[in-house]
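This briefing is meant to be read beside the sequence and the 3D view. Please keep both open while going through the points that follow.

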Amino acid sequence: MVGEAAELPCHLSSNESAAHMELRWFREQVSPAVLAHRDGRAQDAEQMAAYRGRAELVQDDIAQGRVALRIRPVQASDDGEYRCFFRQNDRYGEASARLKVAALGSNPHIHMGVQESGETRLECTSVGWYPEPRVQWRTPRGETFPSASESRSPDAQGLFTVAASAVITDSSVESVSCHIWNPLLGRGKEAEISVAAPFFPRLTPWAVALAVILVVLGILIIGSVFFTWRLYRDRSGQRKGEFSSTVDVTLDPDTAHPHLFLYDGSKAVRLEDSRQKVPEKPERFDSWPCVLGREAFSSGRHYWEVEVGDRTDWAIGVCREDVPKKGFDPMTPENGFWAVELYGNGYWALTPLRTPLPLAGPPRRVGVFLDYESGDISFYSMTDGSHIYTFPDSSFSGPLRPFFCLWSCGKRPLTICPVTDGLEGVTVVADAKDPSGEIPLSPMGEDAVPGDTETLHSKLTPTQPSPGAP
């Protein structure tokens, strides 16, 4: 499995000592080698750059002619044939081994939209698969139907991002699941989504009449809508007044994904195509492009605001300090995440089956309210004071920290704002190529690595297939 260790054993049939022999593992050509060992020492100058620091000789039983090549961590590019070679003077021999590499990708993510024809279109995406995965759409009755389009694109590490779309024309279908599986492992992952009735069905005469009536009623209720807006605004203000502890959030560089570059004293961060050299730490996100705030909360009421503007594809909220940061574990309360997101054209609460949020309008500023003792995490639109979502009766164990993620590159920033005392906010910029003068930046001491360009693209299904990876 990708990320684990693999050992390729090789031994002499005569069981004689190989301590003074030349030992070599290679792939398509003898030199440079995966590993070379001569005169009891590793020959680093003859080793392929791709295996430096990852390949080592296991020689506990070398006196009996038994050795092994250990590779860790395994990468997708390690898949294939290896040859081991023994030589002493004019005697030599070799054998081959086949290493099969596999990776089980992330949980599928389904996005739902409506076409101009009124038909429902579903887009299913997942990342981190090897070898190329297969996709299948299913109904609750076990019926399968083909994808309207599919694409599989390898990232810089050779792991595949899969994107598949389907068009639902049968109005009786209530839910659909996207099943992606690894043909080598015989295992897969599945996601299900409820399919609502088309938002724009074909109009019939009675529908036209109904539309006219609704327009008239809409005029009558404008006053009611205005009253409701005022009520929400007062409600959010009252809610804000209940929270005495406002938070000036700063970013923790030790948790930032390698594609997130921190600047200006960790008050700003960019999502970039290049990958920076950062220390490997257990608290650092290595798959989801996320970062945590430095602040940790174990009691009390706390409040902060995030200026989202018209930025797309983001997730904000709180999480346990000890949430898994390696791999693609789902961001759900069961895994220690309480968050809402904008993904594509829809707002969602990150519950196990993703709860759609039918908001009256896009919030430009989101307030995050955490009441630790009550187990309550609420989100409000500070644009009009409307309530977005509440995770009620949550059970907290240990410190909680602010967190946010960016799912796609874009020119517009997220800004974590000071709430009351005028402190400087935190800006999250999701585009390195065009800062547009939004913020002054001064880089920290660590630079991007030339040539190490893991491209980080949107997790949305592209309209045209293109290579990309999270």
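With which side chain does the side chain of S381 make a polar contact? The partner is the side chain of D384, at 3.2 Å. The model is a predicted one, and the points below begin with this pair before turning to an open sheet, the disulfides, the cysteine C319 and the cavities.

**S381 and D384**

- S381 belongs to strand β27, which covers residues 376-381, while D384 is found in the loop between β27 and β28 (387-391).
- S381 counts as buried because its relative accessible area is 3%, which is under the 20% limit used for that term.
- When neighbours within four places in sequence are set aside, the residues in contact with S381 are P363, R365, S386 and I388.
- The side chain of D384, joined to that of S381 by the polar contact of 3.2 Å, also makes a polar contact of 2.7 Å with the side chain of S386; S386 is in turn among the residues in contact with S381.
- D384 and G361 are 23 residues apart along the chain, and their C-alpha atoms are separated by 9.1 Å.

**The open sheet of six strands**

- Six strands make up an open sheet with antiparallel pairing, and their order is β20-β29-β22-β23-β24-β25.
- The edges are taken by β20 (290-292) and β25 (355-356), each of which has a single partner strand, so that one side of each is left without a neighbour in the sheet.
- The partner of β20 is β29 (residues 400-406), and the two strands pair in the antiparallel sense over three bridges.
- Within this pairing, C290 has C405 of β29 as its bridge partner, and these two cysteines are also joined to each other by a disulfide.

**The disulfides**

- The chain has three disulfides, and when the bonded cysteines are counted along the chain they follow the pattern 1-2, 3-4, 5-6.
- C10 is joined to C84 by a disulfide with an S to S distance of 1.9 Å. This pair links distant parts of the chain, since C10 lies in strand β1 (residues 6-11) and C84 in strand β7 (residues 80-88), 74 residues apart.
- Both ends of this link are buried, with a relative accessible area of 9% for C10 and of 4% for C84.
- C124 and C178 form another disulfide, in which the sulfur atoms are 2.1 Å apart, and with -85 degrees about the S-S bond this link is left-handed. Distant parts of the chain are linked here as well, with C124 in strand β10 (residues 120-129) and C178 in strand β15 (residues 175-182), 54 residues apart.
- C124 is buried at a relative accessible area of 1%, and C178 is likewise buried, at 0%.
- In the disulfide of C290 and C405, the S to S distance is 1.7 Å, and the torsion about the S-S bond is about 100 degrees, so this disulfide is right-handed. The pair brings together distant parts of the chain, namely C290 in strand β20 and C405 in strand β29, 115 residues apart.
- C290 has a relative accessible area of 0% and is buried, and C405 is buried with 0% relative accessibility too.

**A cysteine outside the disulfides**

- Why is C319 in no disulfide? The nearest cysteine sulfur, that of C290, is 8.5 Å away, whereas a disulfide requires the two sulfur atoms to be within 2.5 Å, and therefore the pair does not qualify.
- C319 is itself buried, with a relative accessible area of 0%.

**Cavities**

- Two cavities of 30 Å³ or more are found, and the largest has a volume of about 50 Å³.
- The lining of the largest cavity consists of V249, W304, V306, I316, G317, V368, P402, F403, F404 and I416.
- At least two lining residues come from each of β21 (301-307), β22 (314-320) and β29, and β29 gives the largest share, three residues.
- Strand β29 thus appears in several of these topics: it pairs with β20, holds C405 of a disulfide and contributes to the lining of the largest cavity.

Definitions and conventions. Residues are numbered from 1 along each chain as its sequence is written. This is a predicted model: local features need pLDDT of at least 70, side-chain atom pairs count only at pLDDT 80 or more; totals for chains, interfaces and linings use all residues. Side-chain values use heavy atoms; hydrogens and water are left out. Helices (H or I, at least four residues) and strands (E, at least two) are DSSP runs, numbered from the N terminus. Buried means under 20% relative accessible area, exposed over 50%, partly exposed in between (1.4 Å probe, protein chains only). A polar contact is a pair of N or O atoms within 3.5 Å; within protein, one must be able to donate a hydrogen and the other to accept it, and residues adjacent in sequence count only if both atoms are side-chain atoms. Contact means heavy atoms within 4.5 Å. Two strands pair if DSSP finds at least two bridges between them. On a 1 Å grid over the protein atoms alone, a cavity is a set of points where a 1.4 Å probe fits but cannot get out, and a pocket is an open set with protein on both sides within 12 Å along at least five of seven lines; lining residues have an atom within 4 Å of a point. Grid points are joined across faces, edges and corners, and a volume is the space filled by probe spheres set on the points.
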